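Okay, thanks for squeezing me in, everyone. Let me put the chain up on the screen and then walk you through some of its contacts.

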Amino acid sequence: MPSDPGELRDTAEGLLDLVKAQALKIAKLEHQLAGHNRHRYGSKSESLDQLQLRLEEEETAAAQVADADAPDGDAEGQKAKPKRKPLPPELPRIDQVLTPGEACTCGGKLRAIAEDVTEELEYVPGRFIVNRIVRPRMACRDCDRIVQSALPSRPIERGRPGPGLLAHVLVSKYADHSPLYRQSQIYAREGIDLDRSTLADWVGRSAALLEPLADAIGRHVRGGQAIFADDTPIKMQAKGKCATARVWTYVRDERPWGGTDPPAAWYQFTANRKGEHPSAHLANYRGWMHADGYSGFNDLYRSGAVSEVACMAHIRRKFVDVFQSQGLAVAEEAIRRIAELYAVEKDARGLPPEDRLQLRQSRSKPLLDELEAWLAAQMARIPGKSELAKAVRYALTRMQKLRPYLDHGILEIDNNSAERAMKPIAIGRKNYLFVGSEGGGKAAAIAYTLIETAKMNGVDPQAWLTWVLAQIADHKITRLNELMPWRYAAIAA
């Protein structure tokens with residue numbers, strides 16, 4: 001240690017700076033480690049799938065204990081059982097009549113006075129059928145002319161699959177997240193030899209046939225006053241290795257403010273994340289766009305045709321990450337204040353735009369003003385290089401782009417509509433891991449567009465796609481609106 005007081009003071013200050021730098025470094029590493037752990041193992045508070053799985057296991061265990069402990073006829077055990085909903089009346093019934101016979105033990109004859117019916121739900125595995133299209137060749141008795149009916153158009157010419165099977169393969173892969181090799185194994189157990197490559201060919205041909213309908217859904221999405229945009233990475237096989245491609249989604253959903261136009265989700269696939277892609281996707285769009293702070297959208301905003309609306313969920317998420325990793329009171333308070341804004345949105349859901357505007361001006365605007373002022377005041381009290389400071393700076397920067405939602409009843413506080421539309425992709429890529437090519441990625445985007453739009457409109461995607469595939473080959477391209485899922489819902493009702 002130096003003996004000179006000046007040198008000693010300089011050394012102490014240097015050590016103090018080193019301790020502060022190390023403390024910031026430790027906090028940063030702890031924050032990163034907590035984020036990696038949440039990404040790998042899932043957050044118990046926010047992972048719905050894990051919560052449901054845990055509940056299922058607990059309910060199963062409780063049912064086993066109850067069955068073992070409760071004697072027959074135990075009223076208390078009976079009360080603990082969940083209340084059953086009646087089975088759907090449209091399901092086919094197979095009656096099994098158990099009769100005690102016609103003669104009584106006393107020698108007399110029995111007569112029916114009433115009956116008790118117990119219904120149990122059974123499952124019969126899906127089965128294949130073969131449609132035989134028989135076309136007799138007819139010859140004229142007088143002139144020997146031979147005539148025969150034309151073969152009707154089929155989804156895949158000279159192919160074997162019917163529209164129902166093609167719809168089942170598409171829905172199994174892109175809605176139920178079952179890879180084609182797994183479907184091939186399932187079919188093999190039923191005695192049907194369908195190789196994975198054959199199924200892949202069917203998916204590609206079906207996607208090509210359905211592409212005009214997916215494009216029509218895209219035009220419907222871009223016709224909205226406000227849309228939601230997001231993207232997510234997906235692995236693509238390229239030249240012996242996997243590259244990182246992107247799937248983009250653009251969602252139109254006017255249900256929160258009572259809009260009458262049907263909701264829809266339009267997906268696009270690109271080999272990279274360059275900003276030129278969203279610019280091309282939305283070249284003809286005019287309106288608001290909810291999105292995160294991705295710089296690739298900036299060209300759209302600079303054009304003046306698209307107006308940006310930031311996402312409060314992204315702001316909140318950064319404070320949640322800091323609070324879960326470090327437990328800081330400032331992060332907890334920020335989360336509480338943001339929750340007050342969401343409470344207003346809960347009351348505004350379903351109201352017409354003018355009522356939502358009035359509610360937000362009277363309740364949300366003061367809360368947002370207070371949150372912004374409070375966050376600005378915190379910057380002087382926290383280390384500038386900490387993760388908390390980064391979260392605060394991000395919030396203050398994005399909050400200016402969030403304010404339009406206060407002045408327009410057709411806008412939302414967050415971009416959750418697009419994030420919900422991305423969930424099927426996130427689940428699917430855990431199962432099929434990657435797309436084989438750009439063509440495979442494009443086919444996936446078409447399938448997701450159709451399936452997720454059907455689901456948003458409360459339509460069974462398999463029933464709708466079966467209906468579409470049975471007729472789209474002969475359908476006029478100028479009348480594609482007749483095949484939309486909301487039109488099918490009206491017909492099927």
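Let's start at Arg-273, which is partly exposed because its relative accessible area is 34%. On the terms: buried means under 20% relative accessible area, exposed means over 50%, and partly exposed is in between, using a 1.4 Å probe and protein chains only. Now, before I go on, this is a predicted model, so local features need pLDDT of at least 70 and side-chain atom pairs count only at pLDDT 80 or more, while totals for chains, interfaces and linings use all residues. Residues are numbered from 1 along each chain as its sequence is written, and side-chain values use heavy atoms, with hydrogens and water left out.

Back to Arg-273, then. What does its side chain meet in a salt bridge? That's Asp-231, at 2.8 Å from N to O. By salt bridge I mean a side-chain nitrogen of Lys or Arg within 4 Å of a carboxyl oxygen of Asp or Glu. The two residues are 42 apart, with Arg-273 in the loop between strand S5 (264–270) and helix H7 (276–281), and Asp-231 in strand S3 (residues 226–238). Helices and strands here are DSSP runs numbered from the N terminus: H or I with at least four residues for helices, E with at least two for strands. And is Asp-231 buried or exposed? It's buried, because its relative accessibility is 8%.

Next pair: Asp-253 and Arg-255, also a salt bridge, with the closest N and O atoms 2.8 Å apart. Asp-253 counts as buried at 9% relative accessibility, and Arg-255 is partly exposed at 43%. Elsewhere, Glu-333, Arg-336, Arg-337 and Glu-340 are joined into one network by salt bridges that share partners.

One more of these: Glu-119 with Arg-93, closest N and O atoms 3.2 Å apart. Both sit in the loop between helix H3 (75–79) and strand S1 (138–139), so this pair ties together parts that are 26 residues apart in sequence. Each partner is partly exposed, Glu-119 at 45% and Arg-93 at 38%. In total the structure holds 24 salt bridges.

Okay, helix packing. The axes of H4 (residues 163–174) and H5 (residues 180–189) come within 10 Å and cross at roughly 125°. Those axes are lines fitted to C-alpha atoms over the stretch in contact, and angles run from 0 to 180 degrees between N-to-C directions. H4 and H5 are therefore oblique to each other; under 35 degrees would be roughly parallel, over 145 roughly antiparallel, 65 to 115 roughly perpendicular, and the rest is oblique. Which residues meet there? On the H4 side we have His-168, Val-169, Ser-172 and Lys-173, and on the H5 side Leu-180, Gln-183 and Tyr-187, where contact means heavy atoms within 4.5 Å.

Over in helix H11 (residues 353–378) there's Asp-355, partly exposed at 34% relative accessibility. Its C-alpha atom is 9.2 Å from that of Trp-257, and the two are 98 residues apart along the chain.

Zooming out, the chain has 17 helices and 8 strands, and 36% of its 493 residues count as buried. Among contacts between residues at least 6 apart in sequence, 64% join residues at least 24 apart. That's my lot, so over to you.
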